[in-house]
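Hi,

Here is the structure I promised to pass on. Have a look at it first, and then read my notes below.

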Amino acid sequence: MTEKTNGQKMLETLSYSKKNIYEEASVEKIKAISDYSEGYKSYLDSSKTEREATETSIAMLEKAGYTEYKLGQSIAVGDKKYLNQHGKCLIAFRIGTDDIEREGIRILAAHIDSPRIDLKQIPMYEEAGMCFLKTHYYGGVKKYQWTAIPLALHGVVVKADGEVVKISVGEGENDPIFYINDLLPHLGAKQSQEPLGTAIKGENLNILIGGLPYDDDDVSDKIKLTALSILNDSYGITEEDFISAELSLVPAFKARDIGFDRALLAAYGHDDKVCSYPALTALTDTETKKSVMVVLADKEEIGSVGLTGMQSDILVDVINEICRNLGKNSAVVRSASKCLSADVTAAYDPNFADVYEKRNSAIVSCGTTMSKYTGARGKSSTNDASAEFVGFIRRLFAENGVIWQTAELGKVDAGGGGTVAMYIANHNIETVDLGVPVLSMHAPYEVVSKADVYSTYEAFVAFIK
Ligand code: MN
Ligand code: MN
């Protein structure tokens with residue numbers, strides 16, 4: 001090999017370019033990436049709603065020695081605890097031996113809700129030989145993507161006597177699935193002329209659930225009655241019970257590898273289980289003297305509001321309780337704490353190149369992605385992390401050999417989006433966004449690079465160890 005020229009050496013030292021993890025990785029590293037994705041796949045398949053993600057995550061935490069904590073209980077150094085917030089949000093924490101006022105708490109915050117189709121409270125009706133359920137979609141969905149695909153029904157029904165019945169239909173090989181009709185192209189000439197956003201209306205996202213009439217000539221709505229009788233036989237519920245139910249339609253797809261080389265992974269709900277799973281596994285895998293907290297929040301897709309969203313007081317309530325028990329000052333602890341707000345970002349897609357600014361976009365397989373700021377229309381509603389904090393993270397990743405990248409979500413004024421970072425920063429906790437680049441974000445089947453998932457895990461481990 002010929003020696004490098006001065007110009008080549010200068011370029012190497014002075015210029016910045018992204019690295020493809022697969023290109024840099026050893027055979028062992030590629031195997032570690034692939035092995036890690038297997039655990040992630042089973043997490044995805046058992047966590048399609050925030051309630052299920054909470055249950056799956058609790059099982060992982062308990063296996064790692066974490067026990068349930070309720071507000072008011074005592075907390076001591078060495079404790080490994082989790083708080084279950086109404087079955088939809090989880091705050092896990094471990095109290096380290098380091099002085100918590102000096103070192104603060106290292107917080108990893110992700111969300112476990114994903115866009116989906118929710119049932120209305122009076123959903124059921126029959127028309128033209130079919131029974132349907134009325135819906136109201138949840139989060140930012142492109143409605144046309146949810147027609148003509150297999151859907152599974154997940155959720156809970158609270159019966160008149162208060163009994164909670166869990167429902168999950170459509171995941172098993174022999175389960176029936178549910179379905180939203182679309183128009184045949186032969187009659188779709190006018191529909192094809194409509195913008196994508198309005199071609200399928202919200203009130204047309206009706207779920208096809210049956211077609212068998214009840215065997216009794218003296219009743220009307222026979223198909224609906226068949227469905228009601230099956231629901232009553234299977235779950236003991238009546239039509240009125242839908243009023244106190246939370247039932248959602250989610251894609252009945254399992255997580256699957258993409259492509260001949262299996263480098264990429266398709267699944268429903270990467271946003272944001274692709275950050276939740278690395279946060280949980282980083283917590284349970286890493287021995288550290290630091291105090292660490294993992295927050296898996298609900299309602300991010302609709303504004304992080306309410307009891308189980310990141311804007312709830314519960315986060316600060318738990319920090320206050322930790323501090324009260326340890327005889328520490330919560331304001332001091334929060335000011336010393338640091339947080340990675342772990343959410344997905346848009347991966348650069350050459351098929352839609354015009355909405356991205358390529359130099360500042362996340363490139364698939366180039367690692368976990370830090371966004372100093374998000375927001376839209378002139379950084380509106382963003383937590384803009386300080387250069388000092390970004391510098392701290394940069395040093396940390398360099399010391400730990402984490403391959404990572406930086407990006408913003410699309411071109412200036414092309415759109416934009418926000419995450420939970422600002423709500424955490426509002427508590428005087430230094431926060432920056434970091435997460436996995438996703439292709440086809442919010443589609444029923446989203447795509448990530450397995451290398452980026454593993455890089456996010458490595459980044460979290462470096463941050464909390
Ligand atoms: Mn998200
Ligand atoms: Mn989202």
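**What I found**

Let's start with the strands: strand 6 (residues 130–138) and strand 10 (residues 207–210) run antiparallel to each other and pair over three bridges. If you want a spot to find that pairing on screen, C131 sits opposite G210 in strand 10. Strand 10 also pairs with strand 9, again in the antiparallel sense, this time over two bridges. Here you can look for I180, whose bridge partner in strand 10 is I207. A general point to keep in mind while you look: side chains in a regular strand alternate between the two faces of the sheet.

Before going further, please remember that this is a predicted model.

**The two manganese ions**

Which residues hold the manganese ion (ligand 1)? Its protein donors are H111 through NE2, D271 through OD, and D343, which is listed twice with OD, and they lie 2.1 to 2.5 Å from the ion. Along the chain, these donor residues follow the spacing H-x159-D-x71-D. H111 and D343 bring together distant parts of the chain: H111 is in strand 4 (residues 105–111), while D343 is in the loop between strand 15 (338–342) and strand 16 (345–346), 232 residues apart. Are these two buried or exposed? H111 has a relative accessible area of 2%, so it is buried, and D343 is buried as well, at 8%.

Now for the manganese ion (ligand 2). It is coordinated by D271 (OD), by E301, listed twice with OE, and by H442 (NE2), at 2.0 to 2.5 Å. The spacing of its donors in sequence is D-x29-E-x140-H. D271 and E301 are another link between distant parts of the chain: D271 belongs to helix 9 (residues 270–285), and E301 to the loop between strand 14 (291–297) and helix 10 (314–326), 30 residues apart. D271 is buried, with a relative accessible area of 3%, and E301 is buried too, with 12%.

You'll have spotted D271 in both lists. That residue bridges the manganese ion (ligand 2) and the manganese ion (ligand 1), which lie 3.3 Å apart.

**Aromatic pairs**

How many aromatic pairs does the structure hold? There are 13. One of them is Y40 with Y277: the ring centres are 5.7 Å apart and the planes are at 35 degrees, so this pair counts as tilted. Y40 lies in helix 3 (residues 27–45) and Y277 in helix 9, so the pair ties together parts of the chain that are 237 residues apart in sequence. Both Y40 and Y277 are buried.

Another pair is Y69 with F93, and that one is edge-to-face, with 5.5 Å from centre to centre and 80 degrees between the planes. Y69 is in the loop between strand 1 (67–68) and strand 2 (80–85), F93 is in strand 3 (residues 89–94), and the two are 24 residues apart. Both Y69 and F93 are buried.

There is also a cluster to look for: ring pairs link Y36, Y40, Y43, Y277, Y454 and Y457.

**On the surface**

Finally, L183, L184 and L187 make up a nonpolar patch on the surface, with about 280 Å² of accessible area together. L183 is found in the loop between strand 9 (179–180) and helix 6 (189–193). With a relative accessible area of 39%, L183 is partly exposed.

Cheers

Definitions and conventions
Residues are numbered from 1 along each chain as its sequence is written. Chains are lettered from A and ligands numbered from 1 in the order in which they are written. This is a predicted model: local features need pLDDT of at least 70, side-chain atom pairs count only at pLDDT 80 or more; totals for chains, interfaces and linings use all residues. Side-chain values use heavy atoms; hydrogens and water are left out. Donors are N, O and S atoms within 2.8 Å of the metal (3.2 Å for Na, K and Ca); water is not among the atoms, so sites may look incomplete. Helices (H or I, at least four residues) and strands (E, at least two) are DSSP runs, numbered from the N terminus. Buried means under 20% relative accessible area, exposed over 50%, partly exposed in between (1.4 Å probe, protein chains only). Patches are made of residues with over 30% relative accessible area and no salt bridge: like charges are joined within 9 Å, nonpolar side chains (Val, Leu, Ile, Met, Phe, Trp, Tyr) within 5 Å. Accessible areas come from the Shrake-Rupley method with a 1.4 Å probe; for residues, only the protein chains shown count as cover. A salt bridge is a side-chain nitrogen of Lys or Arg within 4 Å of a carboxyl oxygen of Asp or Glu. Two strands pair if DSSP finds at least two bridges between them. Rings of Phe, Tyr and Trp (its six-membered ring) pair if their centres lie within 6.5 Å; planes under 30 degrees apart count as stacked, over 60 as edge-to-face and the rest as tilted.
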